[in-house]
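The following questions and answers concern the surroundings of a ligand and two residues of interest. Please consult the sequence and the structure shown here.

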Amino acid sequence: PESNLYLFPQIDSTNQWLLDQIKTGLNNPVVCMAEYQSSGRGRRGRTWVSPFGVNLYFSLSYLFKGGISSLSGLSLAVGVVVSEVLESYGYMDIKLKWPNDLFWQDKKLSGVLIEVAGDLTEHCWVVVGIGLNINMGACTASSDINQPWSDLNMLSNHFGVDQPTRNELLSQLISALFVLLENFEKNKFGSYRERWMKRDYFDSLKVEAYEGGKKITGSARGVDSHGHLLIESKGVIKSFGGSDVSLRGG
Ligand code: BTN
């Protein structure tokens, strides 16, 4: 039988590899992991700097029976589950920044990129890609990152935690993420909302959101049961769900 786990020393992007396989026919589910990505990508067309051998870059594909609308909030739930796996090792105070970044002490630790394929009406293939900085500080590529970053090494030092191996961490993450995907298909984002809210990076802070070139200023009020961002502005709470929304601390 065909393997469901692919490990590459190098690849363009683990998300792209899975999207390509989906086109040519794929068993369900599949995990793809690489030691190096030449075109690792982030959200909004950004690059995910992916030096060799020091971090985790992996993607999972999963065939969702619902259409694309049933995926609302999935990226947030992925953030919750990755944080919970890290917390189980003693890494605390990880914050989730809407829609899908993991931060520690205001520095980005991990990013999630969800892409979809298939007919998108009745069922769709979901590719969940995760980049987790583990020993980013060990390489010069870290200077190419244009925002403050953290890595698991920093957290291990801070919390006095014996760092798990990348293999160990990867296997825990994969198991937890497949549990999530099955559960999400049945129960949607609702069961993850509280767990997301208690890690909300922007909790009650002033934020600026941009949607279609329009700027909205207000106080962050977490997310609703669809995972849409809530911002209170002039006493009114508005929700933002679009993928064209960008957000920053005001
Ligand atoms: C972001 O923060 O913008 C999302 C970053 C996602 C990076 C991961 S690394 C594994 C997978 N393959 C990619 O090309 N991107 C994701």
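Q: How many nonpolar, polar and charged residues does the shell around the ligand have?
A: This is a predicted model, in which local features need pLDDT of at least 70 and side-chain atom pairs count only at pLDDT 80 or more, while totals for chains, interfaces and linings use all residues. Residues are numbered from 1 along each chain as its sequence is written. Ala, Val, Leu, Ile, Met, Phe, Trp, Tyr, Cys and Pro count as nonpolar, Asp, Glu, Lys and Arg as charged, and the others, Gly among them, as polar. By these classes the shell has 6 nonpolar, 10 polar and 4 charged residues.

Q: Which residues are the closest to the ligand?
A: A residue is near the ligand if its C-beta atom, placed from the backbone, lies within 6 Å of it. The ligand is surrounded by 20 residues, and the closest are S13, G42, G111, G129 and G131.

Q: Why does T14 count as buried?
A: T14 is found in helix α1 (helices are DSSP runs of H or I, at least four residues, and strands are runs of E, at least two, numbered from the N terminus). A residue is buried if 20 or more other C-beta atoms, placed from the backbone, lie within 10 Å of its own. T14 counts as buried because its C-beta neighbours inside 10 Å number 27.

Q: Is Q37 buried or exposed?
A: Q37 lies in the loop between β2 (30–34) and β3. Within 10 Å there are 26 other C-beta atoms, so Q37 is buried.

Definitions and conventions:
Buried ≥ 20, exposed ≤ 12 C-beta atoms within 10 Å, placed from the backbone.
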